[in-house]
Amino acid sequence: MATTQLKLSSKTDANGRSQVIVKLTISRQNRPCFKSGVFISPEWFRPIQETKKGFVYDVVVPKKGKLNVLEVREAETAKSMLVAYVGRLTAVCNALVGNEDVVNHDSIEDAMTLTRNRDAASITYQVIKDARLLREQEDSESSTTKTFFEWMDYYLSKKDLSEGRKRGFRVLVRILSRYQSFIRLTDKQRKDFTLDIHTLDKETVEDFFDYMANEKSISEEYPEIFKSLLADYPVEFTPKHKNSVIEERGHNIMVGRKKSFKAFYNWLLEQNYTSNRPFDGITIGAEKHGTPFYLTLEERNIMAAWDFSNNKHLERQRDIFLFQTLVGCRVSDLMKLTNDNLTDAEGVLAIEYIPRKTKDKKPFVVSVPLNDRARELVEKYKGVDAKGRLFPFISSQKYNDAIKDILTICEIKRMVTILNPTTGESEQHPINEIASSHMARRTFIGNLYKKVKDPNLIGKLSGHVEGSQAFVRYRDIDMDVMKETVSLID
């Protein structure tokens, strides 16, 4: 049976009200949080019970008096709404657990939406299944009326993509929109050319790929046409961002856009929204990656020992980056870590989390024991973050900027070789100028591999699924490792 715990958001609305957050515990590793939609005055949120793990909070309705009738009524309404929400949430979770392999935030949220007009007592797994079936029927009926770009918008609303993948998909949508308009404006035989999920064919996909690869030169050849194309997009899709300049696209960018387009069609086929298979027989290709670069242990230790006492901002970001090099998680997972991710089994303090990239496929728990340095960092920032996170995180972009500044100040400027993403050619750059949060992950993996040389063990610590092609890139078999290997037959 799932249990619930109430928390109060640190954010307040214009009336000083905060939203109640419901933390649902399904298992030790599965504890999703849900926004209840119930806003209350923070003074109503009080501890009602003390346990070994801390205080239990709830909405406490103030005592009724002559001057607070409206306040009491509002609190009573909020309390009633919260009780109903928690009841439905628990009922939905209990209905799903045991009947489905994956029960996570998204599956529960989806079932909550489907059962929003029901009370908790009437919610069963069969009710949820029937609601899903009805939705599929309604979607099927609307499949002949949605435009191509409405389908793409719908895909974005249904797929749990990372923010980076969402941005990339919106770029693809804008290119497709310009392609459709360009055909209409330049081909007299196809003035009414319209993309359609049911009629798109292999030849059109290949033509679009050719257009996408050469769009920059095409835009230079037709500047007036592209002036309007860059300003207008389908009313069915909200791009959220409009590029004023079309840039050259390298091999990896092209492969990424092609994969996104094919993934969209795979989803349409999986959901039975179409039987059209325009990607059959089309080869997407694979990205090309250079040898991963990362900090040596000596460079990492120089950074760790540097005195940043005169710059507390960079000291904090240095500490966060250092911690990331010690646990190896992705920045998207790092920024979600709280004290709840800390475990202490048999005296071994560890970080446990479910990698975001795997949580909707075959989710597994990554457990990384913390060494002395990592434990010191956790203790140093205990209780510092107002949101209860393990560290006082800032935005990913500002974090990346800080990492570059930190390495520059520490005079870590070793030249490294990378592949230019546009030209595909090798280039050399100072490591401090191209460093980012992902280099912390590479530092963890690369240095561990030098010490252990066991990809399966390191893969478990880094959160790579077995056989991951991405993990192969991290295993930089450098000269030291090759020298040791050759010496075995000396």
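# Burial, salt bridges and ring pairs

Me: Are Trp267 and Tyr273 buried or exposed?

Reply: Tyr273 is buried, as is Trp267, where buried means under 20% relative accessible area, exposed over 50% and partly exposed in between (1.4 Å probe, protein chains only). The model is predicted: local features need pLDDT of at least 70 and side-chain atom pairs count only at pLDDT 80 or more, while totals for chains, interfaces and linings use all residues. Residues are numbered from 1 along each chain as its sequence is written, and side-chain values use heavy atoms, with hydrogens and water left out. For Trp267 and Tyr273 the class is buried.

Me: Within what arc do the buried residues of helix 10 fall?

Reply: Helix 10 spans 297-305; helices (H or I, at least four residues) and strands (E, at least two) are DSSP runs, numbered from the N terminus. Its buried residues are Glu299, Arg300, Met303 and Ala304. They line one face of the helix because, seen down the axis and taking the directions from that axis to the C-beta atoms, they fall within an arc of 140 degrees.

Me: Which residues are exposed on the other side of helix 10?

Reply: The buried residues of helix 10 have a cover that includes helix 11, helix 13 (372-380) and helix 14. On the other side, the exposed residues are Glu298 and Ala305.

Me: What is the relative accessibility of Phe321?

Reply: Phe321 is part of helix 11, residues 312-327. Leaving out residues up to four places away in sequence, it touches Leu295, Met303, Tyr399, Ile403, Ser436, Ser437, Met439 and Ala440, a contact being heavy atoms within 4.5 Å. Its C-alpha is 9.5 Å from that of Ala304, 17 residues away in sequence. Phe321 counts as buried because its relative accessibility is 0%.

Me: How many residues apart in sequence are the parts tied together by Arg178 and Glu215?

Reply: The side chains of Arg178 and Glu215 form a salt bridge, N to O 2.7 Å; the rule is a side-chain nitrogen of Lys or Arg within 4 Å of a carboxyl oxygen of Asp or Glu. Arg178 is buried at 3% relative accessibility, and Glu215 is buried at 0%. The salt bridge between Arg178 and Glu215 has its ends in two helices. Arg178 lies in helix 5 (residues 163-186) and Glu215 in helix 7 (residues 215-221), so the tied parts are separated in sequence by 37 residues.

Me: Which residue in the loop between helix 8 and helix 9 is linked to Glu215?

Reply: Glu215 has a salt bridge with Arg249, with the closest N and O atoms 2.8 Å apart. This pair links distant parts of the chain, 34 residues apart, with Glu215 in helix 7. At 14% relative accessibility the Arg249 end counts as buried. The residue in the loop between helix 8 (223-229) and helix 9 is Arg249.

Me: How many salt bridges does the count come to?

Reply: Among them is the pair of Asp280 and Arg277, whose closest N and O atoms are 3.2 Å apart. Lys312, Glu315, Arg318, Asp319 and Lys380 are linked in a network. The count of salt bridges comes to 19.

Me: Which residue in strand 10 stands opposite Ile418?

Reply: Side chains alternate along strand 9: Val416 and Ile418 are buried on one face, while Met415, Thr417 and Leu419 point to the other and are not buried. Strand 9 pairs with strand 10 (residues 426-430) in the antiparallel sense over five bridges, where pairing needs at least two DSSP bridges between the strands. Opposite Ile418 stands Glu427.

Me: Are the planes of Phe45 and Tyr57 stacked or tilted?

Reply: Rings of Phe, Tyr and Trp (its six-membered ring) pair if their centres lie within 6.5 Å; planes under 30 degrees apart count as stacked, over 60 as edge-to-face and the rest as tilted. By this rule there are 29 aromatic pairs. The ring centres of Phe45 and Tyr57 are 5.4 Å apart and the planes are at 10 degrees, so the pair is stacked.

Me: Where does Asn272 lie?

Reply: Asn272 is not a glycine, yet its phi is positive, at about 60 degrees. Most residues other than glycine have a negative phi. Asn272 counts as exposed because its relative accessibility is 64%. Its place is the loop between helix 9 (251-270) and helix 10.
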